[in-house]
Amino acid sequence: MYAIVDIAGQQMKVEAGIEIFVPRLAAAKGADVEFDKVLLVDNEGKVKVGAPYVKGAVVKATVVCDECRAKKVIVFKKIRRKGFQTCNGHRQKLTKIKINEIA
């Protein structure tokens, strides 16, 4: 059983028992969160597609880590023949959640 869920503006495929990284949520470590913007639910071949969301479907999860960071992205800028170059790095803040169930 899996579902397609809209979490903070991003669509993600989730299954019960997996851990995923999502954009930063306003929830503390160990808190339970629910996502009700479920776009699609597949229950062993029985597919329910929402318009835009599936009524009554909810994904329950627990926050595992609320201060995770993504891999560093290097931003390098250069202007030819002008002697200008700069290098910056950025690490996005993420939240790691564990999917408990799809109801």
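User: Where does proline 52 sit?

Analyst: Proline 52 is in the loop between strand 6 and strand 7 (59-69). Strands here are DSSP runs of E, at least two residues, numbered from the N terminus. This is a predicted model: local features need pLDDT of at least 70, side-chain atom pairs need 80 or more, and totals for chains, interfaces and linings use all residues. Residue numbers start from 1 along each chain as its sequence is written, and side-chain values use heavy atoms, with hydrogens and water left out.

User: What kind of peptide bond joins alanine 51 and proline 52?

Analyst: A cis one. Omega is about 0 degrees there.

User: OK, sheets. What is the strand order in the sheet that holds strand 1?

Analyst: The order is 2-1-5-6. Those four strands make an open, antiparallel sheet. Two strands count as paired if DSSP finds at least two bridges between them.

User: Which strands stand at the edges?

Analyst: Strand 2 (10-15) and strand 6 (46-49). Each has a single partner strand, so one side of each has no neighbour in the sheet.

User: And how many degrees is the average twist?

Analyst: From one strand to the next, the twist averages 15 degrees. The angles run from 0 to 180 degrees between N-to-C directions of lines fitted to C-alpha atoms.

User: How many bridges link strand 1 and strand 5?

Analyst: Four. Strand 1 covers residues 2-7, strand 5 covers residues 38-43, and the two pair in the antiparallel sense. Alanine 3 faces valine 41 of strand 5.

User: What about strand 1 with strand 2, how many bridges there?

Analyst: Six, again antiparallel. Aspartate 6 stands opposite glutamine 11 in strand 2.

User: How many residues sit between the strands of that hairpin, strand 1 and strand 2?

Analyst: Two. Alanine 8 lies in this loop. Its phi is near 55 degrees, a positive value in a residue other than glycine.

User: Is alanine 8 buried or exposed?

Analyst: Alanine 8 counts as exposed, with 56% relative accessibility. The cut-offs are under 20% for buried and over 50% for exposed, with partly exposed in between (1.4 Å probe, protein chains only).

User: New topic. Which loop holds arginine 81?

Analyst: The loop between strand 8 (73-79) and strand 9 (84-90). Phi of arginine 81 is near 60 degrees, which is also positive in a residue other than glycine.

User: Buried or exposed, arginine 81?

Analyst: Exposed. The relative accessible area of arginine 81 is 72%.

User: How are strand 8 and strand 9 joined?

Analyst: By seven bridges, running antiparallel. Lysine 78 has glutamine 85 of strand 9 as its bridge partner. Their hairpin has four residues between the strands.

User: And the sheet with strand 10, what order do its strands take?

Analyst: 3-10-7-4. Four strands form this open sheet, and the pairing is antiparallel.

User: Why do strand 3 and strand 4 each have one side without a neighbour?

Analyst: Because strand 3 (19-23) and strand 4 (32-35) stand at the edges, each with a single partner strand. The average twist in this sheet is 45 degrees from one strand to the next.

User: How many bridges hold strand 7 to strand 10?

Analyst: Eight, in the antiparallel sense. Strand 10 spans residues 93-102. In that pairing, lysine 60 stands opposite glutamate 101 in strand 10.
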